[in-house]
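Dear colleague,

I am handing over the structure we spoke about, with my notes on it set out underneath. Please read them with the model open beside you.

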Amino acid sequence: MAAAPPSMPPARSPRELLQGQLAVSLPHAPALVLVTDLDGTLLGGGDPWRRRLYGWLQAERERVLHVFCTGRDLASVARVLGQERELGLGLGSPHLVIGDVGSTVACGHTLEPLPLATDPIEARWAGLPERLLPLLARIPGIASQPVTAQRRLAYLIDPAEIDPSHLAEIESHGVDCLVSDNRYLDVLPAGVNKGSTLLALLDLLELDHGRVVTAGDTLNDLAMFETGLQSVMVGNAEAALLEALPRLPRTYRARGHGCEGIVEGLRHFGFAHLFGDLL
Ligand SMILES: [Mg+2]
């Protein structure tokens, strides 16, 4: 008699697969998904506001899924978390980290990249650095070496010296060149940015877009605001980002800087019932 076929394990959903790559458990049905840029946004505002927001996020971990969405690479995120511990922000504070302007996704506890989210970006990046590094090194106004190179090339630039036609030539190789805060240049696989990676992550996690609020302050946050998700442009936003405000109908312009602006935006979008005594 033939042996019975082995029973197949039930297929795991993308959400279960991603959870399997994480050292933190994600809230099952978060009331809010808060996606914050770091510099000038979650790290901005006065210390009293920062303490209050960080304390609240820590207390509400089971209801509020917190995602960092930053231009920093993972080593730099680790340094920040080490420095901000006294104010209440540390390793494991965020559930998830989108780093490198959207080209890295990592666990908020271990800062280990999550292959399920980063492999598709890696595939789009293959072969590009070898082709582009020598070309970028010859452009006046761009530092000769990238400061970081994880599925992107990040440079410090002198905006007065850069000729935009040189960046257009680089983009013809299948990448996007993003200038932010008038001093950073990021070369990313075409179409990869904070917004595209956030949307892919929300898809993997099957999260309701109506519960998501993003927050940022410089041009590399524009892609988040352009997703159409509820967004907060904090009061200290750079002028170039402010110019885009009229075409961002779901983006609220806060008066408060950094953390104070984030809280103001959450109130604007109807999440104040989650604040309790801490905010
Ligand atoms: Mg920023």
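In what sense do β6 and strand β7 pair, and over how many bridges? Before the reply, please keep in mind that this is a predicted model. β6 and β7, the latter made of residues 184-189, pair in the antiparallel sense, and 6 bridges join them. One position can serve as a landmark when you inspect this pairing: Asp 176 has Leu 188, in β7, as its bridge partner.

The two strands belong to an open sheet of 3 strands, whose order is β5-β7-β6 and whose pairing is antiparallel. Its edges are formed by β5 and by β6, which covers 175-180, and each of these edge strands pairs on one side only. From one strand to the next, the twist averages 20 degrees. Helix α7, which comprises residues 164-171, lies across β6 and β7 and runs at about 145 degrees to β6.

The other site I looked at is Gly 141, which is placed in the loop between α6 (128-137) and β5 (153-156). Is Gly 141 buried or exposed? It falls in between, because it has 16 C-beta neighbours inside 10 Å and therefore counts as partly exposed, given that a residue is called buried at 20 or more and exposed at 12 or fewer. When its neighbours within four places in sequence are left aside, Gly 141 is in contact with Ile 157, Asp 158, Glu 161 and Ile 162. Gly 92, by comparison, lies 49 residues from Gly 141 in sequence, and the C-alpha atoms of the two are 38 Å apart in space.

With best regards

Technical notes. Residues are numbered from 1 along each chain as its sequence is written. This is a predicted model: local features need pLDDT of at least 70, side-chain atom pairs count only at pLDDT 80 or more; totals for chains, interfaces and linings use all residues. Helices (H or I, at least four residues) and strands (E, at least two) are DSSP runs, numbered from the N terminus. Two residues are in contact if their C-beta atoms, placed from the backbone, lie within 7 Å. Two strands pair if DSSP finds at least two bridges between them. Axes are lines fitted to C-alpha atoms, for helices over the stretch in contact, and angles run from 0 to 180 degrees between N-to-C directions.
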